[in-house]
Amino acid sequence: MNITLRQLEAFVAVAQTKNFTRAAQRLHIAQSAISLLVKELESDLGIRLLDRTTRHVELTDPGIEFRGYAEKLIGDL
């Protein structure tokens, strides 16, 4: 498992904005890059953190729990 700071930042930005486009704008990267980072993070963890539709993003129960850990890790770093 190789979780990166960039993956954590992407996940937290999506979790906070509930929108991939706004998260990408916040981090100054392409929306497709945000999607890839979150998908890689979910793959590394072996769990789905977000429920996505074309217009809606919600945290799953594990995503809600992981968000707290991710925000703390980012703050500590």
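Let's start with helix H2: Phe20, Ala23, Ala24 and Leu27 are its buried residues in this predicted model. They sit on the same side of H2, because together they cover an arc of only 100 degrees around the axis. That buried set packs against H1, H3, strand E1 (50-52) and E2.

Both ends of H2 have something to show. At the N-terminal end, asparagine 19 acts as the cap, with a side-chain oxygen 2.8 Å from the backbone nitrogen of threonine 21. Just after H2, histidine 28 takes a positive phi of about 60 degrees.

Now for the core. The largest nonpolar core has 21 residues, and those touching the most other members are Phe11, Val14, Phe20, Ile34, Val38, Leu50 and Phe66. The elements giving two or more residues to this core are H1 (5-17), H2 (20-27), H3 (31-45), E2 (57-59) and H4 (61-76). H1 supplies the largest share, seven residues. Leaving aside neighbours within four places in sequence, phenylalanine 66 is in contact with Leu8, Phe11, Leu41, Leu45 and Leu49.

Stepping back, the protein has four helices and two strands, running α-α-α-β-β-α along the sequence. Its radius of gyration is 11 Å, close to the 11 Å from the globule rule for 77 residues, so it is as compact as a globular protein of that length.

Some whole-protein values:

| Property | Value |
|---|---|
| C-alpha trace span along principal axes | about 30 × 25 × 20 Å |
| Buried residues | 34% of the 77 residues |
| Contacts with a separation of 6 or more that join residues 24 or more positions apart | 48% |
| Exposed area | about 4900 Å² |
| Part of the exposed area from carbon and sulfur atoms | 52% |

Terms used. Residues numbered from 1 in each chain as written. Predicted model: local features only at pLDDT ≥ 70, side-chain atom pairs only at ≥ 80, totals over all residues. Heavy atoms only, no water. Core = buried A, V, L, I, M, F, W, Y, C linked by side-chain atoms within 4.5 Å. Buried < 20%, exposed > 50% of the residue type's maximum accessible area, 1.4 Å probe, protein only. Contact = heavy atoms within 4.5 Å. Arc of directions from axis to C-beta. Polar contact = N/O pair within 3.5 Å; in protein donor to acceptor, adjacent residues only side chain to side chain. Rg over C-alpha atoms; globule rule 2.2 N^0.38 Å. Areas by Shrake-Rupley, 256 points an atom, 1.4 Å probe, with all protein chains shown as cover.
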